[in-house]
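Reader: I've got the model open and want to see how the labels are earned. Could you take me through them?

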Amino acid sequence: MSEFLIQSEQHGAVRLLRLNRPEALNAFTAAMLGQLRQALEAAAEDVTTRCVLLTGAGRAFSAGQDLADPHVAPSRESANLNQAPKDIGHMLEQFYIPLALRLRSLPVPVVAAVNGVAAGAGANLALGCDLVLAGESASFIQAFSRIGLVPDCGGTWLLPRLVGRAKALELALLGDKVKAAEAERLGLISRVLPDAELQDAAMALAQRLAGMPTRALVETRRALDDAMRLDYEPALKREAVLQSQLGFAHDYLEGTAAFLDKRKPEFKDR
Ligand code: LHQ
């Protein structure tokens with residue numbers, strides 16, 4: 001078994017994180033979730049990293065929680081032996097919630113390159129990224145209802161925001177496989193690419209984001225999320241507060257100066 005359940009590679013200012021348990025379609029074990037959290041933390045702390053790119057090794061992005069992992073797998077004999085079933089809510093509290101929060105609050109943009117099936121928590125982890133690209137053979141499955149659970153890892157929050165209540169309920173209740181092209185049409189993801197082009201295109205997009213004003217991008221993510229629960233006027237005022245802050249920062253001064261000088265800007269805020 002590989003020690004490195006998450007592979008980490010630095011490509012200039014882009015930190016590539018690859019889910020690496022291909023023999024089980026990158027299904028998450030507790031150890032793997034711990035390594036992913038550490039890898040995100042390391043990327044956040046490294047000031048030279050200006051974008052994170054998340055993808056999967058092998059033919060899948062991730063099949064979600066490893067249902068055989070002892071942390072969650074119900075004992076087959078539990079009914080007969082009168083054993084208490086495991087509280088899988090603890091698994092969410094301990095691993096998935098901190099992970100989902102970290103991903104959504106990373107101080108750099110996050111791109112997901114969905115290279116194959118993304119099911120359950122694997123799907124929602126991808127959908128929680130800032131830009132989601134998928135290969136044409138990729139698919140998304142809200143697999144939870146198939147095993148008697150509700151969408152987790154942010155699914156109940158993300159799905160209606162991405163596709164509206166009607167489609168969110170269809171995806172979540174039926175748990176059917178949604179192919180990449182349909183996911184793009186629904187607004188669940190940003191773009192579909194030919195499989196052979198996915199990794200290069202995702203890296204090029206991540207490099208492009210890494211050259212942009214990171215702090216403004218991250219504030220944009222936060223402002224859009226917050227605006228979902230704000231009225232119009234508070235949202236307008238929030239924009240003004242953010243512009244005040246960003247307007248004193250290096251990147252705004254550099255961006256405007258570069259425009260006026262007709263040169264390429266060099267952004268560095270993070
Ligand atoms: C797997 C898995 C898997 C273990 C494929 N586990 N081995 C949070 C907290 C606590 C509890 C529960 O849940 C959660 C959140 C969640 O993520 S719930 C949702 C969990 N995921 C699923 O229910 C998806 C289960 N997998 C599938 O439906 C299929 O495997 C998909 C549609 C992902 C892929 O189908 P195929 O391409 O036909 O591949 P396969 O089924 O043949 O799988 C290949 C291997 O991977 C196979 O092992 P084997 O030894 O027979 O080669 C599978 O057993 C294994 N695998 N998913 N989640």
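Author: Sure, starting with H10: residues 232–247, 16 residues, reaching 22 Å from first C-alpha to last. It's a predicted model, where local features need pLDDT of at least 70, side-chain atom pairs count only at pLDDT 80 or more, and totals for chains, interfaces and linings use all residues. Numbering runs from 1 along each chain as its sequence is written, and side-chain values use heavy atoms, leaving out hydrogens and water.

Reader: What makes 22 Å close to the expected span of H10?

Author: The expected span is 1.5 Å times one less than the number of residues. For H10 that comes to 22 Å, and the helix reaches 22 Å.

Reader: Which residues of H10 are called buried?

Author: Ala235, Leu242 and Leu246; buried means under 20% relative accessible area (1.4 Å probe, protein chains only).

Reader: How do you know that they line one face of H10?

Author: Looking down the axis of H10, the buried residues fall within an arc of 35°, so they line one face. The arc is taken from the directions from helix axis to C-beta atoms. Their cover includes helix H9 (214–227) and helix H11 (250–261).

Reader: Why are S1 and S10 called edge strands?

Author: The open sheet runs S1-S2-S3-S5-S7-S10, with mixed pairing. Two strands pair if DSSP finds at least two bridges between them; S1 (6–11) and S10 (191–193) each pair on one side only, so by that definition they are the edges.

Reader: What makes S5 and S7 a pair?

Author: S5 (110–114) and S7 (131–135) have 4 bridges, in the parallel sense, against the required at least two. Ala112, for one, has Val132 in S7 as its bridge partner.

Technical notes. Helices (H or I, at least four residues) and strands (E, at least two) are DSSP runs, numbered from the N terminus. Buried means under 20% relative accessible area, exposed over 50%, partly exposed in between (1.4 Å probe, protein chains only). Contact means heavy atoms within 4.5 Å.
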